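The following exercises are to be worked with the sequence and the coordinates side by side. Each task is followed by a stepwise solution.

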Amino acid sequence: MALTQVSSNKCCNGYQKVFEHDSSELKCKMKFAIYLPPKAESSKCPVLYWLSGLTCTEQNFITKAGSQQAASEHGIIVVAPDTSPRGCNIEGEDESWDFGTGAGFYVNATQEPWKTNYRMYSYVTEELPRLINSNFPADPEKMSISGHSMGGHGALICALKNPGKYKSVSAFAPICNPIQCAWGQKAFSGYLGPDKSTWELYDATVLAESYSGPELDILIDQGRDDQFLSSSQLLPDNLIAACSKKKIPVVFRLQQGYDHSYYFIFSFINDHIKHHAKYLNA
Amino acid sequence: MDAYEARSCLDVITEELSEEEAADEDAFVMVPDSHSPDAFCSQCRTLTHTGSAAHACHALLTPAAAAQQMKDELSRSRSKLSEKIVEMENFASNLEEIFITVEENFGRQEQNLEQHYNEVLQTLSQRNDARAAALDEQKNRKLERLYSELLQCGQTLDASKELIESAQEVHRRQDKRAFLQAVMPVIKRVEQFSSTEVDLKLGVSLDFDVPTTDLSDVRQMMDSINLLPAPSAPVMNPQICNSATDTSLHVCWSLFSDDTVEFYELHWRLISDDCTMETPQDVSQLKVKETHCTVSDLLPNAQYELWVTATNTTGISPASERAVYMTVPSPPVIKPRQCVSSLDAALIRWDSGNTNPVESYTLEFRESDADGSNTATESIVAIPSCECLVQLQPWKRYIISVRAVNIGGPSERSEPIDVSTAGTFFHLLEDTAHPSLSLSANGLTMFYLDEDLPLSHMTFSDSTFARCVAVLGDLVPIRGQYYWEIEVDEDTEFRVGVAYEDTQRNSYLGGNNTSWCMRHIVTPSRHKYEFLHNGWTPDIRITVQPLRIGVFLDYAAGILSFYNAALRQHLHTFSCHFLHYLHPCFALDNPGALTLRTGLSAPAYVTCP
């Protein structure tokens with residue numbers, strides 16, 4: 001698959017690059033951001049996949065989160081894809097900010113007119129890693145995943161649905177129980193149809209209740225002053241209860257005074273990268 | 001002949017011998033002879049020829065064999081003679097020494113004698129002077145007496161003459177009447193005068209009283225001239241370094257005169273603070289022939305006063321000056337339960353082992369290899385108190401022991417202690433424990449028992465926790481990295497963390513700014529975890545209950561981290577610049593038990609994320 005470099009900037013002794021390619025899963029051109037730490041010049045590095053939230057592109061994370069310093073120090077490649085296929089000209093894709101463009105919800109859609117292009121789950125878990133592993137000095141055995149909000153939901157479900165694939169998982173203000181919140185219900189009914197049993201396949205809380213696989217170590221940060229927390233879109237208590245019952249190790253931190261913004265991500269991204277480094281560099 | 005002459009004679013003998021030897025060797029050269037002797041009779045020891053009638057029954061040897069035999073014999077005689085020469089040479093040098101010694105001894109004796117006679121002469125002349133003075137005095141006294149007698153006589157004479165003159169004058173008076181008036185008193189006076197007896201005896205004897213001079217001491221001195229002098233006082237040597245043990249002293253003294261001494265007598269007594277009066281029972285003595293001896297059965301870390309006298313046939317010398325020696329102390333006793341160590345240091349504490357103070361302590365340590373050999377022992381000296389912080393290498397085992405030192409030297413080594421720098425080793429400070437907290441025998445498990453002790457039964461002190469049922473641990477006072485774990489049950493409500501040594505004893509761990517801790521609370525609905533400092537905790541939910549908690553402290557990085565050690569899961573980290581040394585702290589909020597695991601080093605996931 002041909003990759004074209006869109007941009008390259010030196011950052012923290014490494015390089016923040018953006019590439020574009022033709023995606024076979026999504027049937028369109030897709031961009032992704034990739035940070036290559038200094039260590040990548042001489043040896044293979046582990047990879048952290050970052051999934052952004054609603055309305056974001058591959059740019060938000062690399063310009064606002066300040067992850068490059070920690071990634072450079074720990075020698076980790078950070079890959080940040082876009083949040084949905086673009087330019088597919090599907091009717092209604094730009095109608096809402098929380099459904100369609102910029103709101104892929106990291107599922108493989110089964111409903112028309114979405115099912116051809118909206119296959120973000122396969123893109124993130126299969127196509128993208130293959131692409132990264134063959135084009136960059138990435139260690140194929142060492143992958144971790146993280147994300148914010150919708151991307152947090154994406155990270156959690158990718159990890160829970162693929163036991164052993166990711167060495168560690170973390171999330172910022174994730175949508176923990178989409179089938180119970182307005183966002184999730186809107187997206188799933190659009191992408192997956194009315195059958196709620198198909199929704200459960202992409203719900204972190206439900207997946208946790210039936211998880212069996214290698215031990216996970218999940219770190220979740222949640223801003224206390226997050227408006228979406230108070231409007232019951234995120235529902236972390238449900239996930240915590242499920243993980244407590246199934247003895248899935250989670251450390252959930254309610255951070256006083258923080259909201260849903262990238263300022264919140266910036267404040268704690270180092271802790272998350274350190275958390276991943278523990279497992280990726282072991 | 002004197003020694004030198006004897007020596008030179010010997011030299012001559014050697015030379016002559018070698019000449020003789022050379023001459024003998026020539027004898028073995030075959031001399032051309034008409035009879036051509038071709039054999040040697042070993043009996044007659046002459047050259048002959050085979051078939052000679054004179055030597056028919058004698059053992060005959062070939063000239064070659066005979067020559068060899070003779071050579072052997074000669075070399076044997078030669079070596080015997082060489083030995084004799086060596087003996088003679090030794091004897092000669094011995095004679096030389098004796099010669100010199102005789103001279104010396106003679107010189108000494110001469111000196112001695114001179115001194116003695118001088119003393120006698122001095123005494124005699126003193127006596128003479130004294131005697132002469134006494135006689136002189138006597139003479140003066142006698143003369144005085146005589147003189148006064150003479151004066152008296154003169155006076156009497158004058159008085160008599162005067163009387164006669166006045167009587168004559170009266171006698172010559174013409175006037176009969178005047179004469180009659182004056183004559184009667186005059187006659188009376190004359191009669192009176194002539195009736196008085198004139199003492200014509202001599203008041204003084206003409207003989208001189210010559211007292212007998214006491215010359216007994218002079219006689220004694222004359223007698224003792226022929227005797228050896230009693231020795232002069234020996235001199236005690238100062239104590240030699242490292243010559244003492246804890247129960248014995250090696251004492252040396254010297255004699256600085258050339259006196260003959262038969263034996264020495266060494267005296268000693270213990271110097272103790274209370275009594276300065278010396279009773280005879282306190283003093284021990286020992287008869288010794290050499291100028292040194294070892295005194296045993298002494299007390300450790302004690303001062304002894306020693307003095308020595310020298311004795312010969314004449315008598316005992318005066319006592320030497322008293323020297324003070326000190327026995328070394330008893331070895332100290334290390335207190336293992338109060339020693340702590342980490343990856344790069346250990347703090348060792350011990351008991352002195354001596355009732356009286358010692359000067360200092362020396363700590364010795366060496367690595368204990370698998371084979372225990374080829375490791376140098378390092379020492380730290382001049383330690384003033386009963387504890388010492390020693391810097392060590394990480395990941396090794398050491399054997400550490402201590403010695404007590406005083407002016408007599410160092411004591412034996414104490415019983416050693418094994419120290420491992422493979423982790424953080426510490427113990428709980430029992431005197432900080434809240435009275436309701438009891439510790440197991442090995443000091444690693446603490447219990448808050450269900451029985452409510454009445455307040456009156458609890459003894460509090462300044463260092464015990466009074467409200468929080470807590471206890472502090474001890475840690476090496478070095479700003480390094482430390483790691484330990486605790487084990488709890490599901491329902492144990494505990495606090496675990498660190499605190500400054502002076503953390504308030506009447507407040508709860510984590511409730512003030514001098515302590516940081518992780519706290520577990522059991523509520524009806526769930527398990528709650530807090531990370532307390534200054535009374536504040538972040539809001540953290542943990543889904544899998546940690547029952548084995550790892551605590552990691554790094555002074556340099558300013559962090560205190562807590563982990564679920566079983567899952568290697570990071571729970572929380574405090575970031576703080578710690579101003580003082582920290583102590584691990586533990587508390588139980590409700591009846592339960594908590595077990596401490598020490599001797600661990602921080603796992604890789606903790607130090608290298």
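**Exercise 1. Identify the partner of V169(A) in β8(A), and then place β7(A) among its neighbours.**

Step 1. In β8(A), V169(A) has I218(A) as its bridge partner. The model is a predicted one, in which local features need pLDDT of at least 70 and side-chain atom pairs count only at pLDDT 80 or more, whereas totals for chains, interfaces and linings use all residues. Residues are numbered from 1 along each chain as its sequence is written, chains are lettered from A and ligands numbered from 1 in the order in which they are written, and side-chain values use heavy atoms, with hydrogens and water left out.

Step 2. β7(A) (residues 169-172) and β8 (residues 218-223) of chain A run parallel and are joined by four bridges. Strands here are DSSP runs of E of at least two residues, helices are runs of H or I of at least four, and both are numbered from the N terminus; two strands pair if DSSP finds at least two bridges between them.

Step 3. Four bridges also connect β7(A) with β6 (residues 138-148) of chain A, again in parallel. On this side V169(A) is the bridge partner of I145(A).

Step 4. With helix α4 (residues 150-161) of chain A, β6(A) and β7(A) form a right-handed β-α-β unit; right-handed means that, with the strands pointing away from the viewer, the path from the first strand over the helix to the second runs clockwise.

Step 5. V169(A) and A171(A) on one face of β7(A), and S170(A) and F172(A) on the other, are all buried (under 20% relative accessible area; exposed is over 50% and partly exposed in between, with a 1.4 Å probe and protein chains only).

**Exercise 2. Locate the bends in α3(A) and α10(A).**

Step 1. Helix α3 (residues 120-135) of chain A bends by about 35° at E127(A), and P129(A) follows within four residues. The bend is the angle between axes fitted to the seven residues ending at a residue and the seven starting there.

Step 2. The buried residues of α3(A) include E127(A) and P129(A).

Step 3. In helix α10 (residues 262-280) of chain A, a kink of about 50° is centred on F268(A). At the start of α10(A), a side-chain oxygen of S261(A) comes within 3.2 Å of the backbone nitrogen of Y263(A).

**Exercise 3. Determine which strands stand at the edges of the sheet β4-β5-β8 in chain B.**

Step 1. The three strands form an open sheet in that order, with antiparallel pairing.

Step 2. β4 (235-236) and β8 (292-295) of chain B each have a single partner strand, so they stand at the edges, with one side of each left without a neighbour in the sheet.

Step 3. Two bridges link β4(B) to β5 (residues 249-254) of chain B, where M236(B) lies opposite W253(B).

**Exercise 4. Describe the loop residue P37(A).**

Step 1. P37(A) lies in the loop between β3 (28-36) and β4 (45-51) of chain A.

Step 2. P37(A) counts as buried because its relative accessibility is 2%.

Step 3. Although 35 residues separate P37(A) and S72(A) along the chain, their C-alpha atoms are 4.6 Å apart.

Notes: A polar contact is a pair of N or O atoms within 3.5 Å; within protein, one must be able to donate a hydrogen and the other to accept it, and residues adjacent in sequence count only if both atoms are side-chain atoms.
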